[in-house]
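Visitor: I should like to look closely at a single part of this structure and at the contacts made around it. Would you please guide me through it step by step?

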Amino acid sequence: QGGRTRIQHVVELKDSPTSPVERAQALEAAGGLAYWQADMTAAQRFYEQSLELTRQFGDTRAMANAIYNVAFPTMVNRTDVARARMLFDEALPLYRGIGDEPGVARTLWGLGTCHYSTNDFTGAEPLLQESEALFRKLDDRFGLGWVLHSLGLVDIKQGNLREARRHVSAALEIFNAAHDVSGMALQLDNASAITRLAGDPVGATRLAAAATHYRESSGADLGALLSEQEGRQGRGGLSEKEAERAWSEGRSISLEQAVAEAQRRLLARPRGRAWSPPARAAVAKRAPAAGRPPGPRRAGAAAGGAEL
């Protein structure tokens, strides 16, 4: 919150001596902080102002990044997914034209998420799979973690528990290696949903409670918004007493214990189902640098910015 206040003070200076490029970067940073605090109205305003300035100085990579950023608040809030998709469609050829494969991978992830947000799961899957292939080619373990998260969501909605287990387990492993608490909390929430679908409401409630606890501790309110959009019910299928006990237990365990429990449940053999364990070798090559999902980009980083 302190960082956002300082940056907002800078961007609101009327007689700022900074260049349009620097001001656009400050607006982009302010938008990113607002985005992760789930203040999509403020994020949209900052990103739109950044894009307006960026269009004036005509740098292709900066333009693609700014267009990409503007797409996110309306996509995540699901207030104008059609516009978000149009913006991603505008950014994609710009990234392709300058050979920016990380930008292409992130934009494909964004487009896949747009399809997912409108319940077009068959449209989302090939875009997310293409993004996954690019992230693997680039050895971008962090981007890979987020596209695996999205593929897991598609699997859950389609009732494909085997693939959901595989994708969520791999994503959780990546975020755990990076010590990314917000990413781990999201995967704990996904593991809870899978566990509930597999018929274990006690285990699901424990994981939902742990996810809530560590999401709150990370300060990333975006996770709460995403969980709410998925209609996740942390205590469903139990009596009030049973739910309270499981919830209390889940909130009291350490993050390390919660991750281990989630992986144990994800890797467990489902009763009455053909099953094979997730392939882990492909995602365990090295721990990624800590960061944030392939959403809006942080201004001022080398080579066109870093992921926020």
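Guide: The account below begins with one charged residue and its partners, and then turns to a second helix and to the aromatic rings. Please keep in mind that this is a predicted model.

Let us start with helix α11, which covers residues 201–218. This helix has 18 residues and reaches 25 Å from its first C-alpha to its last, close to the 26 Å expected at 1.5 Å a residue. Many of its residues are buried, among them G203, A204, T205, R206, L207 and A208. The buried residues of α11 also include Y214 and R215.

R206 deserves particular attention. Its relative accessible area is 17%, and the cut-off for buried is under 20%, so R206 counts as buried. This arginine forms a salt bridge with E249, in which the closest N and O atoms are 3.0 Å apart. Because E249 lies in helix α13 (residues 240–252) and R206 in helix α11, the pair ties together parts that are 43 residues apart in sequence. With a relative accessibility of 31%, E249 counts as partly exposed.

R206 also forms a salt bridge with E261, and here the closest N and O atoms are 2.7 Å apart. This pair again links distant parts of the chain: E261 belongs to helix α14 (residues 255–267), R206 belongs to helix α11, and their positions lie 55 residues apart in the numbering as the separation. E261 has a relative accessibility of 7% and counts as buried.

E261 in turn forms a salt bridge with R265, the closest N and O atoms being 3.1 Å apart. These two residues are four residues apart in helix α14, so about one helical turn separates them. R265 counts as buried, at 18% relative accessibility. Through shared partners, salt bridges join D200, R206, E249, E261 and R265 into one network. The structure as a whole holds 13 salt bridges.

We may now compare this with helix α8, residues 141–158. Of the 18 residues of α8, 16 are buried, so this helix is largely enclosed by the rest of the structure. At its N-terminal end, D140 acts as a cap: a side-chain oxygen of D140 lies 3.2 Å from the backbone nitrogen of F142. After α8 comes G159, whose phi is positive, near 75 degrees.

Finally, we consider the aromatic rings. The count of aromatic pairs comes to nine. In one of them, the rings of F72 and F88 have their centres 5.4 Å apart and their planes at 85 degrees, so the pair is edge-to-face. F72 lies in helix α4 (residues 60–77) and F88 in helix α5 (residues 81–97), 16 residues apart. F72 is buried, with a relative accessible area of 0%, and F88 is likewise buried at 0%.

F142, already met beside the cap of α8, forms an edge-to-face pair with F175, at 5.7 Å centre to centre and 80 degrees between the planes. This pair links helix α8 to helix α9 (residues 161–177), its members being 33 residues apart. Both F142 and F175 are buried. Elsewhere, Y35, Y68, F72, F88, Y95 and W109 form one aromatic cluster.

Conventions. Residues numbered from 1 in each chain as written. Predicted model: local features only at pLDDT ≥ 70, side-chain atom pairs only at ≥ 80, totals over all residues. Heavy atoms only, no water. Expected span 1.5 Å × (residues − 1). Buried < 20%, exposed > 50% of the residue type's maximum accessible area, 1.4 Å probe, protein only. Polar contact = N/O pair within 3.5 Å; in protein donor to acceptor, adjacent residues only side chain to side chain. Phe/Tyr/Trp six-rings, centres within 6.5 Å; stacked < 30°, edge-to-face > 60°. Salt bridge = Lys/Arg side-chain N within 4 Å of Asp/Glu carboxyl O.
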